[in-house]
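The following exercises practise the reading of a protein model. Please examine the sequence and the structure before attempting them.

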Amino acid sequence: MSTQYQMHGDVAVITLNNPPVNGLGFATRQGITEGLAQANADAAVKAIVITGAGKAFSGGADLREFGTPKALQEPNLLSVILAVENSSKPVVAAVHSVAMGGGLELALGCHYRIAAPGCNVALPEVKLGLIPGAGGTQRLPRVVGVETALNMIVSGEPVKSEILASLPGQKLFDKLAASPETLAEESLALARAVADVRPLPLVRNLPCKHPLGDAYFQFARNTVKAMAKNYPAPAKCVDAVEAATKKKFDDGMVFERELFVNLMLTPECRALRHLFMAERAASKIPDMPADTAQRAIQSIAVIGAGTMGGGIAMNFLNAGIPVKLLETKPEALERGIATIRKNYEGQLKKGKLKQDKYEQRMALLSTTLNYEEIKDADLVIEAVFEEMGVKEAVFKQLDAVMKPGAILASNTSTLNVDQIAAFTQRPQDVVGMHFFSPANVMKLLEVVRGAKTAHDVLATVMGVAKKIKKTAVVSGVCDGFIGNRMIEQYSRQAGFLLEEGCTPAQVDKAVEKFGFAMGPFRMGDLAGNDIGWAIRKRRYVETPNLKYSKTADLLCELGRFGQKTGAGWYDYQAGKRDAIPSQLVVDMIDKHRKDLGITPRKISDEEIVQRLVYSLVNEGAHILEDGIAARASDIDMVYITGYGFPIYRGGPMQYADTVGLFNVAQSMSRFAKNPLDDAEFWKPAPLLARKVAEGKTFN
Ligand code: NAI
């Protein structure tokens, strides 16, 4: 039952009951309208209360219906709200915990509203590239004022009920209950108190004005434009709220609907909705029951207190979980601790962290040089040098000392996790946890599933990721896992672009205009060009026929490793991170072209972007086919959270779907004919070719 109907004396109570958050799916909507009809037909009913069971009043639309015809099936939300408004007996919304999106819109259609304190109230549609579509933009300004409403609608952020209830002149809540526990009783009392009021008050009849009129909306429009340049929805929020102040209520509703429907069709909205679902999908592992038991994780050990070890430790300290850092030398421990302190102190200075929180976190951190002292940790994460020999020694030690059932994780970025697991007698307990640098900041965690990794280990690590607020994506074992395996092809292609005529700055600019946080060369300078160099040296031996541009090697031979050496693809001034185009590098590339007999040509931004993004897409298709990623949307999550791919484009695979896979394949075959590019490189992955032939998409 998605709703319950109960009599409490002369009051009928309709309780939404659609866990987890009483989403307004078809059955729930139907339950509400049926309950209203029943209550209106029953002479014993004097008033009606609508409330929610469990953890919410209502979180809004039911995600399981997202994008399906069911979402629109009558009674749709607009009809439900109309039925509430038209009830001949007063309807009181008793809201608590969560009243968001359609849930809040439903409450706004009620004649009266009572809220429990602590309720999160929001219209978060903008986060999915939309505006509220069931009257939120027309009703909310009428009860909390234009400015408060617009701020809430444009940001999508929740505001606590007690704060809204304290706004001068607000009409959102007729009453704030003393506590969540007394809400039920107080709502019945309110219902009885208003049982005989006629005509019934409707939010739609309230006036809606801003004292500054047009000037205010002009200001709001400018602010929104500056903040949300690649997203159409925020500006439409302004338009919709302005309409509430200028149009008759019903005309405003039609206008809101029009904007909503048009936004629904934009690629940005599709991208945001895709990512919303992708994030949820990523936590599900296809061949594993969702309720797989997790091991308890109460303490962590981190081996290696370098760049990654320190950042990894901070994640757990921030989540209130004790960490013991293990190193080989006291100096290394001291350095590691000093870096963690410096990091936290930076946050203190910026006011992002309070002194007492800082002290609490540092108190959770301890150090050791001795494996005996970490043997009881529930999870140990290794972040030592990237050398198999060093990893072997560490994992043999861990196998010897760690308690049974401890999870042994490696942060390796390139080594074979199965080989690492084989150093132990308990490969089922070994897993990869590939953090991204800086590990305390970057959202992405690639969870590398070894051939023998146990289900409960995987489930536990996914749970741990959630606790430390990471977006975890499962990757199979392969060189580079999902993200770096794809970026290698992207970097190779970037090298070909230089040889053919581009400068690093031109490539970066084109890609940044497309929306990437950083182009490939600025990214190389940040991460260190020596990392790619080391990988290429390996490739030259492993796959001697693979074509590479030598430009990056020439750069590294000059010692230009990037920001850390003060020079890379760009020049850097001491202490600054601004990338200054380097004449020396431009000359170096020129000379290299001359040596190869290449006459440079002008390459359009469009071609640059296509060649780089489609490099990702084609390798992504290989990764899917190989079963390294479970679904295309996992690849999108990796690129959005770990590689600065523009959010409003939804990730490389989603972007390819938007462009059309046929068009992607056409462009690839054109690039393959370019004698200076690499025909082999552009051979479509079999999965891509199949999708094109079948007229299908990745997502
Ligand atoms: P790092 O050189 O900054 O730190 C390594 C630390 O491990 C050093 O403090 C060293 O003293 C310590 N160490 C070495 N051998 C040890 C042993 N036997 N026992 C205990 N401690 C030992 O290196 P970084 O960058 O932190 O990398 C660590 C691991 O993380 C590597 O596997 C690397 O591939 C991986 N990784 C690195 C990323 C990065 O951007 N730096 C990103 C993702 C993964």
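Five exercises follow, each with a worked solution.

The model is predicted: local features need pLDDT of at least 70, side-chain atom pairs count only at pLDDT 80 or more, and totals for chains, interfaces and linings use all residues. Residues are numbered from 1 along each chain as its sequence is written, and side-chain values use heavy atoms, with hydrogens and water left out.

**Exercise 1. Domains and cores**

State the domains that the assignment gives for the chain, and explain why the largest nonpolar core lies between two of them.

Solution.
- Step 1. The assignment, which is automatic or taken from a database, gives domain 1 (3-264), domain 2 (300-475) and domain 3 (483-694).
- Step 2. The centres of domain 2 and domain 3, taken over C-alpha atoms, are separated by 30 Å. To their contact (heavy atoms within 4.5 Å), domain 2 brings 12 residues and domain 3 brings 11 residues.
- Step 3. A nonpolar core is a set of buried Ala, Val, Leu, Ile, Met, Phe, Trp, Tyr and Cys residues joined through side-chain atoms within 4.5 Å. Buried means under 20% relative accessible area, exposed means over 50%, and partly exposed lies in between, for a 1.4 Å probe and protein chains only.
- Step 4. The largest nonpolar core has 64 residues, and those touching the most other members are Ile 482, Trp 569, Ile 608, Val 613, Tyr 614, Phe 645 and Phe 698. Helix H24 (residues 605-625) supplies the largest share of this core, 10 residues. Helices (H or I, at least four residues) and strands (E, at least two) are DSSP runs, numbered from the N terminus.
- Step 5. Because domain 2 (300-475) and domain 3 (483-694) both give residues to this core, it lies between them.
- Step 6. A second, separate core has 60 residues, including Val 80, Leu 106, Leu 172 and Ala 244.

In soluble globular proteins, nonpolar side chains tend to be buried together.

**Exercise 2. The surroundings of Tyr 614**

List the residues in contact with Tyr 614, leaving aside its neighbours within four places in sequence.

Solution.
- Step 1. Set aside the neighbours within four places in sequence of Tyr 614.
- Step 2. The contacts of Tyr 614 are then Val 609, Tyr 655, Val 659, Val 664, Ser 667, Met 668, Phe 671 and Trp 682.

**Exercise 3. Helix H26 and its partners**

Describe how H26 packs against H27 and H25, and decide whether H26 is largely enclosed.

Solution.
- Step 1. Helix H26 (residues 652-659) packs against helix H27 (residues 661-672) at an angle of about 95°, and their axes are 5 Å apart. Axes are lines fitted to C-alpha atoms, for helices over the stretch in contact, and angles run from 0 to 180 degrees between N-to-C directions.
- Step 2. Angles under 35 degrees count as roughly parallel, over 145 as roughly antiparallel, 65 to 115 as roughly perpendicular and the rest as oblique. H26 and H27 are therefore roughly perpendicular to each other.
- Step 3. Ala 656, Asp 657 and Val 659 of H26 make this contact with Leu 661, Asn 663 and Val 664 of H27.
- Step 4. The axes of helix H25 (residues 632-642) and H26 cross at roughly 115° and come within 6 Å. Here Ala 632, Ile 635, Asp 636 and Tyr 639 in H25 meet Pro 652, Met 653 and Gln 654 in H26.
- Step 5. Six of the eight residues of H26 are buried, so this helix is largely enclosed by the rest of the structure. The buried residues are Pro 652, Met 653, Gln 654, Tyr 655, Ala 656 and Asp 657.
- Step 6. Just after H26, Gly 660 takes a positive phi of about 105°.

**Exercise 4. Unusual backbone angles**

Which peptide bonds are cis, and where do Ser 97 and Phe 481 lie?

Solution.
- Step 1. Glu 74 and Pro 75 are joined by a cis peptide bond, with omega about 0°. Pro 75 is in the loop between strand S3 (47-52) and H2.
- Step 2. The bond from Arg 198 to Pro 199 is also cis, with omega near -5°. Pro 199 lies in the loop between helix H7 (183-193) and helix H8 (214-227).
- Step 3. Ser 97, a residue other than glycine, has a positive phi near 60°. Ser 97 is in the loop between strand S4 (91-95) and strand S5 (98-100).
- Step 4. Phe 481 has a positive phi near 50° and lies in the loop between strand S17 (471-475) and helix H18 (483-500).

**Exercise 5. Buried or partly exposed?**

Classify Ser 97, Phe 481 and Ala 83 by relative accessibility.

Solution.
- Step 1. Ser 97, at 27%, is partly exposed.
- Step 2. Phe 481, at 0%, counts as buried.
- Step 3. Ala 83, in helix H2 (residues 77-85), counts as partly exposed at 26%.
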